[in-house]
Amino acid sequence: MEIFMIYLKVFLTGGIICSIGQILIDKTKLTPARILVIFVTLGTILTAIGIYGPIVEFGAAGATVPISGFGYCLANGVMKEVDAIGFLGIFIGGVKGAAAGIASAVVFGFIASLIAKPTIK
Amino acid sequence: MNSNVNMSNQEYSDFVDTKAKKSNLGKNILLAFVVGGIICSIGQIISDIAMNYGVAKQDATCITTIVLIFLGAFLTALNLYAKIGKFAGAGSIVPITGFSNSIVAPAIEFKTEGYILGLGANMFKVAGPVLVYGITTSVIVGFVYWLIKLFI
């Protein structure tokens, strides 16, 4: 029963975040690229002011899997690094926090593009 | 068919609107909600499996991100992700798999223009702006956080 509740929260949180994106696409004609940029930026800011953290605690993967979770990694990483090493952390922490996402996106993206055949439209 | 070829821009734009397929907002939101929820649940399953093997929570989140990015990239390479995107809309764009898709899709499209300026450069058509704004925001956040810590 407990595991059901966890997955219900994940599903709800992830679903709601994606629905917000869909409403923005349908109502404002924002392109997917703009949606991604807005969600990352918002995720970073909301984490910094302490709003996204509780959402992650509630929704777990439902909040970390959407691209706003990437912003959560960036903001958490930079604040942790500033705590640890001070001023230099401003430039090191963000990318460090999101390193797994960035490196895997570059490498898997590159390999997948290499093996895929361009489709004829 | 409307045979009037002397329409003003406004008239033409209205004409196009009448011909365009009405998008059903309620249905779109529901589909985005369900598909987004499913992708996040898959992420939670990956994370739970990793933690079952004794991986720390933060590392499990990292592993989840890597696996989902892998899945997004290869589903795009197999031309399957576009099929999901057709009906899922934001449900397939907003999750991290959509970020991965945004890297692979233009890279494949521009592959014919060469491996450096075709494939290599176009990988970052969408991911580039995401990183520019994400990292810049994180530096601003870090700077403000550093300033606040300085005075408290």
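Hi everyone, thanks for coming. Let's start with chain B: from the N terminus on, its elements run α-α-α-α-α-α-α-α. Put as a count, chain B has eight helices and zero strands. Please keep in mind that what we have on screen is a predicted model.

So how spread out is chain B? Its radius of gyration is 21 Å, while the globule rule gives 15 Å for 152 residues. That is well over the rule, so chain B is more spread out than a compact globule. You can also look at the C-alpha trace, which spans about 70 × 40 × 40 Å along its principal axes.

Now for the inside of the chain. Of the 152 residues in chain B, 41% are buried. And if we take the contacts in chain B with a separation of 6 or more, 56% of them join residues 24 or more positions apart.

Next, let's bring in the partner. How many residues of chain A are in contact with chain B? There are 59 of them, and they meet 64 residues of chain B. Which helices of chain A supply at least two residues each to that side? They are α1 (2-28), α2 (32-48), α4 (61-64), α5 (68-85), α6 (89-97) and α7 (99-115). The largest share comes from α1(A), with 14 residues.

And what is that side of chain A made of, by class? We find 39 nonpolar residues, 19 polar ones and one charged residue on the side that touches chain B.

That's my tour of the two chains. Thanks for listening, and I'm happy to go back to any part of the picture!

Key. Residues numbered from 1 in each chain as written. Chains lettered and ligands numbered in written order. Predicted model: local features only at pLDDT ≥ 70, side-chain atom pairs only at ≥ 80, totals over all residues. Contact = placed C-beta atoms within 7 Å. Helix = DSSP H or I, 4+ residues; strand = E, 2+ residues; numbered from the N terminus. Nonpolar A, V, L, I, M, F, W, Y, C, P; charged D, E, K, R; others polar. Rg over C-alpha atoms; globule rule 2.2 N^0.38 Å. Buried ≥ 20, exposed ≤ 12 C-beta atoms within 10 Å, placed from the backbone.
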